[in-house]
Amino acid sequence: MPNFCAAPNCTRKSTQSDLAFFRFPRDPARCQKWVENCRRADLEDKTPDQLNKHYRLCAKHFETSMICRTSPYRTVLRDNAIPTIFDLTSHLNNPHSRHRKRIKELVCLCTFRFPTSP
Ligand SMILES: [Zn+2]
């Protein structure tokens with residue numbers, strides 16, 4: 001069964017792309033951050049264990065500095081990696097709410113941008 005990306009507006013799945021997929025972290029605090037950044041209300045009541053088992057995000061949602069490519073066949077995330085790149089606006093048809101939402105998102109993206117240690 002292919003893995004689907006859990007991010008909103010992302011239709012990537014593991015069979016159609018050579019993009020890496022990452023499981024949700026088991027660590028509850030970090031898992032919570034992933035869910036918050038995804039803006040998937042339906043994921044909020046799931047346990048980190050369930051999320052880790054059933055949900056993944058593709059590499060598109062991570063800054064390149066958070067991804068370590070140890071070989072052409074193996075891609076791993078840094079221990080403190082948080083997904084920060086999401087397309088949260090394109091599904092909205094109302095131009096007014098889109099504009100309002102966009103401003104809020106920019107603020108949130110800045111808040112969740114964590115410094116990565118070298
Ligand atoms: Zn994705």
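A nonpolar core is a set of buried Ala, Val, Leu, Ile, Met, Phe, Trp, Tyr and Cys residues joined through side-chain atoms within 4.5 Å. The exercises below use that term on a predicted model.

**Exercise 1. Describe the largest nonpolar core and find which elements supply it.**

Step 1. Take the size. The largest nonpolar core has 25 residues.

Step 2. Pick out the residues with the most contacts inside this core. They are C5, F22, F24, W34, L57, F62 and L77.

Step 3. Assign elements. Strand 1 (21-23), helix 1 (28-38) and strand 2 (56-58) each supply at least two core residues. Helix 1 gives the most, with four residues.

Step 4. Set this in context. In soluble globular proteins, nonpolar side chains tend to be buried together.

**Exercise 2. Classify the ring pair F22 and F62, and place both residues in the chain.**

Step 1. Note the geometry. The ring centres of F22 and F62 are 5.4 Å apart, and the planes stand at 80°.

Step 2. Apply the cut-off. Planes over 60 degrees apart count as edge-to-face, so F22 and F62 form an edge-to-face pair.

Step 3. Locate the partners. F22 is in strand 1, while F62 is in the loop between strand 2 and strand 3 (67-71). The two are 40 residues apart, and the pair links distant parts of the chain.

Step 4. Check burial. Buried means under 20% relative accessible area. F22 has 6%, so F22 is buried. F62 has 3%, so F62 is buried too.

Step 5. List the surroundings of F62. Leaving out residues up to four places away in sequence, F62 touches F22, W34, L57, I67, L77, A81, I82, P83 and I85.

**Exercise 3. Classify the ring pair F24 and W34, then widen the view to the aromatic cluster.**

Step 1. Read the values. The centres of the F24 and W34 rings lie 5.2 Å apart, with planes at 55°. The pair is therefore tilted.

Step 2. Locate the partners. F24 sits in the loop between strand 1 and helix 1, and W34 in helix 1, 10 residues apart.

Step 3. Check burial. F24 is buried at 0% relative accessibility. W34 is buried at 1%.

Step 4. Widen the view. The structure holds four aromatic pairs. F22, F24, W34, Y55 and F62 form one aromatic cluster.

**Exercise 4. Is H61 buried or exposed, and what does its side chain reach?**

Step 1. Place the residue. H61 lies in the loop between strand 2 and strand 3.

Step 2. Judge exposure. H61 has 3% relative accessibility, so H61 counts as buried.

Step 3. Find the polar partner. The H61 side chain reaches the backbone oxygen of I85 at 2.8 Å.

Step 4. Add the contacts. Beyond four places in sequence, H61 touches C5, A7, C10, P83, T84, I85 and F86.

Key. Residues numbered from 1 in each chain as written. Predicted model: local features only at pLDDT ≥ 70, side-chain atom pairs only at ≥ 80, totals over all residues. Heavy atoms only, no water. Buried < 20%, exposed > 50% of the residue type's maximum accessible area, 1.4 Å probe, protein only. Contact = heavy atoms within 4.5 Å. Phe/Tyr/Trp six-rings, centres within 6.5 Å; stacked < 30°, edge-to-face > 60°. Polar contact = N/O pair within 3.5 Å; in protein donor to acceptor, adjacent residues only side chain to side chain.
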